[in-house]
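Student: I am new to this structure and should be grateful for a close look at a single part, the lining of the largest pocket. Please explain as well how that part sits within the rest of the chain.

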Amino acid sequence: MVIIRAVLFDPVVPWRIQRSGPQFHYRRAYETIILDVRVARPSDAEAVAAIYAPIVRDTTISFEIEPPTREEMAKRIAKTLQTYPWLVAERGGQVIGYVYAGKHRDPGSYRWSVNVSAYIHESAHRQGVGRALYERLIA
């Protein structure tokens with residue numbers, strides 16, 4: 001298993017990113033946030049489903065009517081990982097966000113296109129987690 005450790009400083013000012021090897025550095029005077037980004041496992045399904053459920057229930061972002069169960073999310077993770085990446089961000093051993101890629105459309109002209117989505121736990125919004133996940137996904 002490969003874990004990329006990101007040290008985030010000043011997530012309020014994300015345009016001041018500096019790269020140092022596989023780590024992300026943001027400047028902040030008050031707090032250091034350690035964030036591990038790794039490939040998802042089906043065992044992450046419960047945390048991933050908990051992050052996604054409020055999006056389905058409380059927003060119009062998702063086209064789903066009911067939040068997926070832990071079992072359904074485990075199937076999605078396993079199926080996606082057969083072809084595309086699915087990453088999770090952990091802080092203190094808890095999954096606080098995830099990002100994944102998936103097939104865009106069926107026609108052959110779209111074969112090189114993918115959809116990407118990121119979801120972050122409410123307690124971790126505006127802290128640079130989404131940026132760190134997208135950076136690792138696209139790198």
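**The lining of the largest pocket**

Tutor: The lining of the largest pocket consists of 11 nonpolar residues, six polar ones and four charged ones. In this division Ala, Val, Leu, Ile, Met, Phe, Trp, Tyr, Cys and Pro are nonpolar, Asp, Glu, Lys and Arg are charged, and the others, including Gly, are polar. The model is a predicted one, in which local features need pLDDT of at least 70 and side-chain atom pairs count only at pLDDT 80 or more, while totals for chains, interfaces and linings use all residues. Residues are numbered from 1 along each chain as its sequence is written, and side-chain values use heavy atoms, with hydrogens and water left out.

The volume of the largest pocket is about 500 Å³. A pocket is found on a 1 Å grid over the protein atoms alone, as an open set of points where a 1.4 Å probe fits, with protein on both sides within 12 Å along at least five of seven lines; a lining residue has an atom within 4 Å of a point. Points are joined across faces, edges and corners, and the volume is the space filled by probe spheres set on them. The lining comprises 21 residues, and Thr 80, Trp 86, Tyr 100, Ala 101 and Gly 102 lie nearest the centre of the pocket.

Several elements contribute to this lining. At least two residues come from each of α2 (70-81), β6 (94-103) and β7 (114-120), and β6 gives the most, with five. Helices (H or I, at least four residues) and strands (E, at least two) are DSSP runs, numbered from the N terminus. Across the whole protein chain there are three helices and seven strands, in the order β-β-β-β-α-α-β-β-β-α.

Trp 86, one of the lining residues nearest the pocket centre, deserves particular attention. Trp 86 belongs to strand β5, and its relative accessible area of 3% is why it counts as buried. Buried means under 20% relative accessible area, exposed over 50%, and partly exposed in between, for a 1.4 Å probe and protein chains only. Leaving aside residues up to four places away in sequence, Trp 86 touches a set of residues that includes Arg 38, Val 48, Met 73, Ile 77, Thr 80, Tyr 98 and Tyr 100; contact means heavy atoms within 4.5 Å. The C-alpha atoms of Trp 86 and Arg 41 are 8.6 Å apart, although 45 residues separate them along the chain.

Trp 86 also leads from the pocket to the interior. In the largest nonpolar core, which has 16 residues, those touching the most other members are Val 48, Tyr 52, Met 73, Ile 77, Trp 86, Val 88 and Tyr 98. Such a core is a set of buried Ala, Val, Leu, Ile, Met, Phe, Trp, Tyr and Cys residues joined through side-chain atoms within 4.5 Å. At least two residues of this core come from each of α1 (45-58), α2, β5 (86-91) and β6, with α1 giving the most, seven. A second, separate core has 12 residues, among them Leu 35, Val 37, Ile 96 and Ile 120.

Gln 94, in strand β6, differs in setting: its relative accessible area of 55% is why it counts as exposed. Gln 94 lies 10.0 Å from Leu 35, C-alpha to C-alpha, with their positions 59 residues apart in sequence.

For the chain as a whole, 40% of its 139 residues are buried. Of the contacts with a separation of 6 or more, 54% join residues 24 or more positions apart.
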